[in-house]
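The following exercises practise the reading of a protein model. Each task is followed by a solution that proceeds step by step.

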Amino acid sequence: MIAGEAINVLDYGAVGDGVTDDMQAIMDAINAAAPGQAVYFPAGVYFVDPPTDDGMIFTNLSKIVFFGSMATIKQAFSNRKAIFTFNGCNNLTFDGLIDRNSTHLNSSHRCISYAVFCLKK
């Protein structure tokens with residue numbers, strides 16, 4: 001995947017400095033993705049402060065690739081269950097992203113306590 005073909009979260013206002021709340025910019029970038037597109041997170045630490053335990057909630061996304069290069073996504077509160085929740089989504093791929101626990105995200109992550117993201121049908 002070539003980064004130029006992807007939706008870059010920085011183009012939607014994310015900063016990736018580990019201090020600025022990048023949640024709305026990340027949500028806007030993901031919501032702009034059409035089936036078959038990718039969302040790119042350049043190197044950085046993306047701080048998010050979702051208002052609920054379900055994190056940022058997305059519905060009916062399909063065939064989206066989330067990828068990054070040395071990109072970490074951290075929450076304001078480590079006791080929240082998820083950074084992302086995907087409802088009714090399918091064929092999502094994660095590559096090169098790291099969560100708050102330095103876990104490399106991949107498509108095998110599922111909805112468990114303190115998971116990075118939840119996939120719900």
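Two residues are in contact, or touch, when heavy atoms of theirs lie within 4.5 Å. The model shown is a predicted one.

**Exercise 1. State which residues methionine 70 touches, and whether methionine 70 is buried or exposed.**

Step 1. Locate the residue: methionine 70 lies in strand β6.

Step 2. Apply the contact criterion. Leaving aside residues up to four places away in sequence, methionine 70 touches Ala43, Gly44 and Gly96.

Step 3. Compare sequence with space. Methionine 70 and glycine 44 are 26 residues apart in sequence, and their C-alpha atoms are 6.6 Å apart.

Step 4. Examine accessibility. Exposed means over 50% relative accessible area. Methionine 70 has 63%, and is therefore exposed.

**Exercise 2. Describe the overall arrangement of the chain and the confidence of the model.**

Step 1. Count the elements: the protein has one helix and nine strands. Read along the sequence, they follow the pattern β-β-α-β-β-β-β-β-β-β.

Step 2. Consider burial and surface. The protein has 121 residues, of which 45% count as buried. About 5900 Å² is exposed, and carbon and sulfur atoms supply 51% of this area.

Step 3. Consider the contacts. Among those with a separation of 6 or more, 76% join residues 24 or more positions apart.

Step 4. Assess confidence. The mean pLDDT of the protein is 76, and 73% of the residues reach 70 or more. Strand β1 (residues 7–8) has the highest confidence, at 96, whereas strand β9 (residues 117–120) has the lowest, at a mean of 46. Over residues 108–121 the pLDDT is below 50, and this stretch has 46 contacts in the model beyond near neighbours in sequence.

**Exercise 3. Determine how many aromatic pairs there are, and classify each.**

Step 1. Recall the description: a pair of aromatic rings is characterised by the distance of the centres and the angle of the planes. For the classification, planes under 30 degrees apart count as stacked, over 60 as edge-to-face and the rest as tilted.

Step 2. Count the pairs: there are two aromatic pairs.

Step 3. Classify tyrosine 40 with phenylalanine 67. The centres are 4.8 Å apart and the planes form an angle of 40°, so the pair is tilted. It links distant parts of the chain, as tyrosine 40 is in strand β3 (residues 38–41) and phenylalanine 67 is in strand β6 (residues 65–75), 27 residues apart.

Step 4. Check burial, for which the cut-off is under 20% relative accessible area. Tyrosine 40 has 16% and is therefore buried; phenylalanine 67 has 11% and is likewise buried.

Step 5. Classify phenylalanine 41 with tyrosine 46. Here the centres are 5.6 Å apart and the planes form an angle of 80°, so the pair is edge-to-face. Phenylalanine 41 is buried, with a relative accessible area of 0%, and tyrosine 46 is buried, also with 0%.

**Exercise 4. Identify which residues touch the most other members of the largest nonpolar core.**

Step 1. Begin with the general tendency: in soluble globular proteins, nonpolar side chains tend to be buried together.

Step 2. Find the residues asked for. The largest nonpolar core has 28 residues, and Phe41 and Phe66 touch the most other members.

Step 3. Trace the contributions. The elements that give two or more residues to this core are α1 (23–32), β3, β4 (44–48), β5 (56–59), β6, β7 (84–87) and β8 (93–98). The largest share, six residues, comes from α1.

Step 4. Inspect phenylalanine 41. Not counting residues up to four places away in sequence, its contacts include Ile26, Tyr46, Phe66, Phe67 and Leu97.

Step 5. Inspect leucine 97, which lies in strand β8. Leucine 97 is buried, with a relative accessible area of 0%. Leucine 97 and alanine 71 are 26 residues apart in sequence, yet 5.3 Å apart from C-alpha to C-alpha.

**Exercise 5. Explain how the side chains of β4 are arranged, and state which strands pair with β4.**

Step 1. Recall the rule: in a regular strand the side chains alternate between the two faces of the sheet.

Step 2. Apply the rule to β4. Gly44, Tyr46 and Val48 point to one face and are buried, while Val45 and Phe47 point to the other and are not.

Step 3. Identify the partners. Strand β2 (residues 17–21) pairs with β4 in the parallel sense over two bridges, and aspartate 17 has valine 45 as its bridge partner. β6 also pairs with β4 in the parallel sense, over five bridges; glycine 44 has alanine 71 as its bridge partner in β6.

Notes:
Residues numbered from 1 in each chain as written. Heavy atoms only, no water. Phe/Tyr/Trp six-rings, centres within 6.5 Å; stacked < 30°, edge-to-face > 60°. Helix = DSSP H or I, 4+ residues; strand = E, 2+ residues; numbered from the N terminus. Buried < 20%, exposed > 50% of the residue type's maximum accessible area, 1.4 Å probe, protein only. Core = buried A, V, L, I, M, F, W, Y, C linked by side-chain atoms within 4.5 Å. Pairing = 2+ DSSP bridges. pLDDT = per-residue confidence, 0-100. Areas by Shrake-Rupley, 256 points an atom, 1.4 Å probe, with all protein chains shown as cover.
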